[in-house]
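Here are my notes on the structure, set out as numbered points for you to follow with the sequence and the coordinates open beside you.

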Amino acid sequence: MPRPTAKSRHPADGGDGPEDIYASQREELLSRLTACVRQNQPLTAYESPVLSSDEAAVVLQKIKNSHPFSRKERRGLLEAGFAVDKLYPRL
């Protein structure tokens, strides 16, 4: 079966539109978490650390393996400006 295109994933076409809407935010989150891990820096929000480098690595692994976030991780991601429930509704 062919993979659905972005156009066919629109809710009106029977697709799951939010996947397309939040794709760039997911990419930004993964990019920021990866940068934090590589540079051994915390994830920050308004110049205040919300997740340590180690916690960022754990979050990346949880995303990769579809494991749920802890309350602290979820709160840190929310403080950093990411709508976790919208980006990863099953985690």
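1. Tyrosine 46 is a convenient place to begin: in this predicted model, tyrosine 46 sits in the loop between E1 and strand E2 (48–51). Its phi is positive, at about 55°, although tyrosine 46 is not a glycine. Most residues other than glycine have a negative phi, and for that reason the backbone here deserves a careful look. The relative accessible area of tyrosine 46 is 82%, over the 50% cut-off, so the residue counts as exposed.

2. A second residue of this kind is asparagine 40, which likewise is not a glycine and yet has a positive phi of about 55°. Asparagine 40 is placed in the loop between H2 and strand E1 (43–45), and with a relative accessible area of 57% asparagine 40 is exposed. Seen from helix H3, the C-alpha atom of asparagine 40 is separated by 9.8 Å from that of alanine 57, a residue 17 positions away along the chain. Alanine 57 itself belongs to helix H3 and is partly exposed, its relative accessible area being 28%.

3. For the overall plan, the protein chain contains five helices and two strands, and when read along the sequence these elements follow the pattern α-α-β-β-α-α-α. Of the 91 residues in the protein chain, 31% are buried. Among the contacts in the protein chain with a separation of 6 or more, 39% are accounted for by residues 24 or more positions apart.

4. How do helices H2 and H3 pack, and at what angle? Helix H2 (residues 23–39) and H3 meet at an angle of about 135°, and their axes are 8 Å apart. Angles over 145 degrees would count as roughly antiparallel and those from 65 to 115 as roughly perpendicular, so H2 and H3 are oblique to each other. The crossing in which H2 passes H3 is left-handed.

5. The contact between these two helices can be followed residue by residue: on the H2 side there are Leu29, Leu30, Leu33, Thr34, Cys36 and Val37, and these meet Ser53, Ala56, Ala57, Val59, Leu60 and Ile63 in H3. By class, the residues of the contact of H2 with H3 divide into ten nonpolar and two polar, with no charged residue.

6. Alanine 56 gives a close view of that contact, as alanine 56 is found in helix H3 and is buried, with a relative accessible area of 0%. Once residues up to four places away in sequence are set aside, alanine 56 touches Leu33, Cys36 and Val37. The C-alpha atom of alanine 56 also lies 9.0 Å from that of arginine 32, a residue 24 positions away along the chain.

7. Which residues form the salt bridges, three by count? Side chains of opposite charge can pair when their charged atoms come close. One of the pairs is lysine 72 with glutamate 55, whose side chains meet at 2.6 Å, N to O. Lysine 72 lies in helix H4 (residues 71–79) and glutamate 55 in helix H3 (residues 53–65), so this salt bridge ties together parts that are 17 residues apart in sequence. Lysine 72 is partly exposed, with a relative accessible area of 43%.

8. Helices H3 and H4 are also linked by lysine 62 and glutamate 73, whose side chains form a salt bridge at 2.8 Å, N to O. Here lysine 62 is in helix H3 and glutamate 73 in helix H4, eleven residues apart, and the pair links distant parts of the chain. Are these two residues buried or exposed? Both lysine 62 and glutamate 73 are buried.

9. The remaining point concerns arginine 74 and aspartate 85, whose side chains meet in a salt bridge at 2.8 Å, N to O. Arginine 74 lies in helix H4 and aspartate 85 in helix H5 (residues 84–87), so the pair ties together parts that are eleven residues apart in sequence. Aspartate 85 is exposed, with a relative accessible area of 54%.

How values were computed: Residues numbered from 1 in each chain as written. Predicted model: local features only at pLDDT ≥ 70, side-chain atom pairs only at ≥ 80, totals over all residues. Heavy atoms only, no water. Salt bridge = Lys/Arg side-chain N within 4 Å of Asp/Glu carboxyl O. Helix = DSSP H or I, 4+ residues; strand = E, 2+ residues; numbered from the N terminus. Buried < 20%, exposed > 50% of the residue type's maximum accessible area, 1.4 Å probe, protein only. Axes fitted to C-alpha atoms, helices over the stretch in contact; angles between N-to-C directions. Parallel < 35°, antiparallel > 145°, perpendicular 65-115°, else oblique. Left-handed = near helix turned anticlockwise from the far one by under 90°. Contact = heavy atoms within 4.5 Å. Nonpolar A, V, L, I, M, F, W, Y, C, P; charged D, E, K, R; others polar.
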